[in-house]
Amino acid sequence: MQRGMIDGVELPFDEGPDGGLTFVHDNAWWTRLIVGGAGLMTFIAPYELLWRQKNPFSIAMLPFWLISLGALSIGLPALGFALAGPRGRITLDPACRAIRIEAGLFGDWAWGRLRRFEDVLSVEVRRDDEPDDGPCFDLRLTWRDGRRPLPLWRFRSEHRASHVADRVRALLAGANRPG
């Protein structure tokens, strides 16, 4: 696989030898670190309220058990996210004329689905003015059957977003040729 470039900046997809494009969505290490740290901090409440007590199994400790269970219900999923690191991969494969959408935890791809190129209605770049630090441009695929659009990537530059959209359109058009 080879990483695409435009204006000296690395693009968010890998190019396969057959001309296919693969977009990989991984969580950044700092995101996992922050969420994991927040998850660990929720273990302080059960430790202080239950572990350090002389008799944590009395009826008077019931409210503290509920508080501790609430804290753990937040902390355990946060730790799971930090350790497992959910990831996603979208592959546009011209050889089989399909879009593979895969997701997984750890290093394993747990589930996936397959959509045909013919199911794509359009490739669009949509401007999002909501972020505080300037506009973003979302590249996404819309489907003929009206299902929710599939986001491919989010860009800060409209030029890069339209360049990648043109690459995806060319790939879909080239693969849809008969023969």
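Tutor: First, a sorting rule: Ala, Val, Leu, Ile, Met, Phe, Trp, Tyr, Cys and Pro count as nonpolar, Asp, Glu, Lys and Arg as charged, and the others, Gly among them, as polar.

Student: Which of those classes line the largest pocket, and how many residues of each?

Tutor: Its lining has 7 nonpolar, 3 polar and 6 charged residues. A pocket here is an open set of points on a 1 Å grid over the protein atoms alone, where a 1.4 Å probe fits, with protein on both sides within 12 Å along at least five of seven lines; lining residues have an atom within 4 Å of a point.

Student: What kind of model is this?

Tutor: A predicted one: local features need pLDDT of at least 70, side-chain atom pairs count only at pLDDT 80 or more, and totals for chains, interfaces and linings use all residues. Residues are numbered from 1 along each chain as its sequence is written, and side-chain values use heavy atoms, with hydrogens and water left out.

Student: Back to the pocket. Which residues lie nearest its centre?

Tutor: H25, R87, G88, R89 and I90, out of 16 lining residues. Four elements each give two or more residues to that lining: β4 (87–93), β5 (98–105), β6 (108–116) and β9 (150–155). Helices (H or I, at least four residues) and strands (E, at least two) are DSSP runs, numbered from the N terminus.

Student: Where does H25 lie?

Tutor: In strand β3, residues 21–25.

Student: And what does H25 touch?

Tutor: Beyond its neighbours within four places in sequence, H25 is in contact (heavy atoms within 4.5 Å) with R87, G88, I90, P151, L152 and W153. H25 and W153 are 128 residues apart in sequence, with their C-alpha atoms 8.5 Å apart in space.

Student: Why does H25 count as partly exposed?

Tutor: Because its relative accessibility is 28%. Buried means under 20% relative accessible area, exposed over 50%, partly exposed in between (1.4 Å probe, protein chains only).

Student: Is D93 buried or exposed?

Tutor: Buried, at 13%. D93 sits in strand β4. Setting aside residues up to four places away in sequence, D93 touches D18, A98, R100 and F117.

Student: Let's zoom out. How many helices and strands are in the chain?

Tutor: The chain has 4 helices and 9 strands. From the N terminus on, their order is β-β-β-α-α-α-β-β-β-β-β-β-α. The chain has 179 residues, and 36% of them count as buried.

Student: Which residues are buried in α3?

Tutor: S68, A71, G75, A78, L79, A82 and A84. An α-helix has 3.6 residues a turn, so residues three or four places apart point the same way.

Student: What should the 23 residues of α3 span?

Tutor: Helix α3 (residues 62–84) should span 33 Å, because each residue adds 1.5 Å, counted over one less than the number of residues. The end C-alpha atoms of α3 are 32 Å apart, which agrees. Just after α3, G85 takes a positive phi of about 55°.

Student: Is L66 buried or exposed?

Tutor: L66 is in helix α3, and its 54% relative accessibility makes it exposed. From L66 to P46 is 20 residues in sequence and 9.6 Å in space, C-alpha to C-alpha.

Student: Last one. Where is T42?

Tutor: In the loop between α1 (29–41) and α2 (44–51). T42 counts as buried at 17% relative accessibility. Leaving out neighbours within four places in sequence, T42 contacts A71, I74 and G75.
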